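This report describes enclosed space and one sheet in a predicted model. The sequence and structure come first.

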Amino acid sequence: MRNLQILAASALFLITACGRKPASGKLAWCGDKETDRKVESTLKRMTLDEKLGQMLQLELPKVGHTGFGGKFIVDDDKLDEIIGKYKVGSLLNTPQSPPPTPEEWAAIVEKVQAKSMEVLGIPCLMGLDQNHGTTYTSGGTIFPQNINMAATFNRQAVHDAAEITAYETRASNIPWTFCPTLDLSRDQRWPRCWENFGEDAYLNAAMAAAAVPGFQGEDPNNVDDRHIAVSLKHFMGYGVPVSGKDRTPAVISPLELREKHFAPYLAGIRKGALTIMVNSGMINGVMTHANRQLLTGWLKEETGWDGMIVTDWADIDNLWKRDRTAADKKEAIKLAVNAGIDMSMDPYSTDFIDLLKELVEEGEVPMSRIDDAVRRILRVKYRLGLFDKPVMDRADYPDFASEQHLQTALNAAIESMVLLKNDGTLPLKKGQKILLTGPNANSMRCLDGGWTYSWQGDIADRCAASYNTIYEAFVNKFGSENVILEQGVRYTRGATFEAEAKPEIEKAVAAAGKADVIVACIGENSYCETPGNISDLTLSRNQLDLVKALAATGKPIVLVLNEGRPRIIADIEPLANAVTDIMLPGNSGGDALAELFAGDANFSGRLPYTYPKEVHSLITYDYKPCQEVDKMSGAYDYDAVVSVQWPFGQGKSYTTFKYSNLTVSASDFKAGDMLTFTVDVTNTGSMEGKESVLLFSSDLVASVSPDVRRLRQFDKVGIKPGETKTVQLVISANDLAFVGADGKWTLEEGDFLIQAGTETVTIHCNETNVWKTPNID
């Protein structure tokens with residue numbers, strides 16, 4: 001499953017220009033000789049203590065601040081210690097609630113960089129979790145979460161969001177973000193589903209290839225002062241824990257690990273990703289932070305990638321404290337660094353440096369490994385231009401949080417929302433009385449999700465008070481006289497994310513008597529990582545009871561699913577006249593939903609995951625033939641027979657589209673050939689709309705049981721009523737290869753069924769090809 005030739009074409013250079021020869025035969029991308037010369041010059045003058053300090057990342061030291069909105073004060077004594085004594089090379093994290101403004105960040109960073117340049121002559125590398133926009137800078141532009149950006153099926157939207165985030169992050173004097181997240185969300189129970197680009201390997205790879213140059217610019221060797229470094233995370237296999245809970249073990253076959261989970265990271269590094277963060281869990285019993293085969297073998301040696309690997313939060317400690325794969329921290333450090341870790345996000349203690357120094361002096365960690373790690377760290381700093389300009393001037397960023405940036409976020413939110421069911425109730429009719437109900441109807445926290453102003457997103461209602469909740473946006477769009485708010489169920493403040501107050505369903509039922517239509521905003525409160533673990537995907541009993549009681553009134557009901565993962569609603573879906581999945585659309589989500597419900601914009605989002613129907617029937621769209629259970633229906637009925645609520649790629653519109661004339665440039669092919677598919681798409685309705693054209697393949701017979709279908713390419717086009725557009729989708733024949741039982745990429749002789757919309761065509765591979773390299777160029 002690989003369309004990486006196309007995805008990575010602009011980032012590939014000749015091997016001979018770089019002097020590095022990876023095991024795969026082709027470099028991830030080429031470094032710059034002048035940068036490497038500077039790195040070697042700096043490395044040569046550094047002491048062992050200075051080198052070890054570069055390998056540690058600590059939390060930004062603070063004296064404290066006074067309550068919400070209190071001023072942050074850098075702990076000067078602590079800063080002197082961690083940089084002056086321990087030579088620490090990197091700091092992270094937001095230091096206050098709400099996060100600093102760009103001006104406040106400037107003051108913080110100026111102090112840090114002045115100390116670092118004075119003591120070391122080496123700039124500090126500061127990083128933030130700017131995971132869906134400028135989330136850790138007050139006043140910045142907030143975009144929909146990555147799961148929403150995947151639902152747009154719009155590469156340009158992902159690129160633009162990354163580019164704006166980079167600009168505003170650099171305006172905050174921060175040159176590094178810990179994103180994009182590329183874990184395949186293939187277990188819907190997992191509490192980090194919303195941080196990723198969905199369940200599919202190709203979709204994640206395509207969005208990685210769009211996001212990386214958006215963040216970093218087109219030249220990873222020379223990242224300008226409008227762009228920042230990425231950290232692809234969490235390498236890899238993090239999104240399929242056996243238990244469905246965060247930071248718990250995954251069991252993944254070597255075939256699937258190579259073919260699917262590695263694909264987004266390979267796409268990202270071939271676009272020039274400067275850093276990668278590691279999976280906090282384990283794969284097949286081996287802790288990823290101590291897995292030399294994956295960190296050094298797959299990431300570095302096979303690809304020739306010369307970037308830097310950073311741990312996740314305190315994960316070297318987890319090797320001995322949690323997972324018992326080391327006797328103590330010293331042994332854990334030895335395992336991780338020798339496996340390929342370059343920088344430890346400790347983030348509380350400097351003992352990493354002292355213990356690593358002992359290991360070097362004892363010969364347990366070779367000096368060559370230390371020098372390699374520090375080269376990689378210095379390379380990032382030089383590529384970011386930090387040696388020449390460690391601090392930015394806020395005045396050089398006049399477009400911070402501009403109207404144009406906000407409009408881009410609004411457009412992304414509109415394109416990300418998915419219409420799953422509609423009997424004509426939507427769009428709402430002018431003058432209708434609307435009852436807004438449900439716990440998500442009047443909350444910015446629910447729209448934004450985690451990693452928004454704080455880790456859990458729990459202060460979003462205060463930090464984003466100038467934006468509109470769903471209720472506020474509906475009042476603005478439909479008029480206060482036409483909107484009734486009676487939630488019936490509310491979340492409990494200050495408790496766990498799932499906690500709900502005593503329901504007042506009877507009040508919502510009474511209010512329904514005054515309404516023409518009911519809009520039930522249901523789903524989840526915000527959460528992040530382990531605090532979001534659950535034991536049952538079913539929507540809360542209170543919310544299910546609310547919808548059932550309202551359905552008994554006989555009024556038409558529209559369900560708005562505002563959630564980070566698909567919660568099971570099989571009991572209430574038949575009661576709804578329309579269903580929309582808005583996931584986590586960010587600060588502009590309320591306005592986007594109002595535009596769509598009014599018919600002033602058209603739905604064009606598609607599900608980036610499979611929406612489950614039953615608690616014990618979780619599955620992804622690319623399942624095996626033997627997993628068939630019962631018949632699936634709908635526009636994307638491809639003779640699949642699994643029990644799901646809605647399939648991957650599902651999404652309706654206010655208009656209709658007809659597919660015809662699917663053709664291919666060559667019906668017979670061999671490895672290395674390029675295949676061009678064209679299909680006509682006609683808007684047969686009365687409203688202009690955007691259609692995501694998805695190209696799927698099915699390998700009809702293979703030596704390893706094939707997936708029933710795989711996404712191979714997609715494009716999004718706007719089409720006016722009555723207009724026909726011919727859409728061209730190009731793939732490499734190599735994209736149809738799979739990893740065989742012997743662990744080798746294989747393209748076998750035989751037939752493939754290709755599908756776009758309702759159209760299909762059969763193509764034939766004339767000869768079998770087995771690759772000798774671990775990755776296909």
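## Cavities and a parallel sheet

Tyr491, Phe497, Glu498, Glu500, Gly523, Glu524, Asn525, Leu539, Ser540, Gln543 and Arg567 line the second largest cavity of this predicted model. The space in this cavity comes to about 70 Å³. Its lining holds four charged residues, four polar ones and three nonpolar ones.

Searching the whole structure gives six cavities of 30 Å³ or more. For the largest of them, the volume is about 140 Å³. Its lining is made up of 17 residues, and those nearest the centre are Asn131, Asn146, Ala161, Ala162 and Phe215. Two or more lining residues come from each of helix 6 (146-152), helix 7 (155-171) and helix 8 (201-216). Helix 7 supplies the largest share, with four residues.

The table sets out the residue classes in the lining of the largest cavity.

| Class in the lining of the largest cavity | Residues |
|---|---|
| Nonpolar | eleven |
| Polar | six |
| Charged | none |

The lining of the largest cavity thus has no charged residues, whereas the lining of the second largest cavity has four.

The sheet is described next. Five strands form an open sheet with parallel pairing, in the order 6-5-4-1-12. Strand 6 (176-177) and strand 12 (344-345) are the edge strands, each pairing on one side only. Within the sheet, three bridges join strand 4 (residues 90-92) to strand 5 (residues 125-128) in the parallel sense. Ser90 has Leu125 of strand 5 as its bridge partner.

Technical notes:
Residues numbered from 1 in each chain as written. Predicted model: local features only at pLDDT ≥ 70, side-chain atom pairs only at ≥ 80, totals over all residues. Heavy atoms only, no water. 1 Å grid on protein atoms, 1.4 Å probe; cavity = no way out; pocket = protein on both sides within 12 Å on 5 of 7 lines; lining within 4 Å. Points joined across faces, edges and corners; volume = space filled by probe spheres on them. Nonpolar A, V, L, I, M, F, W, Y, C, P; charged D, E, K, R; others polar. Pairing = 2+ DSSP bridges.
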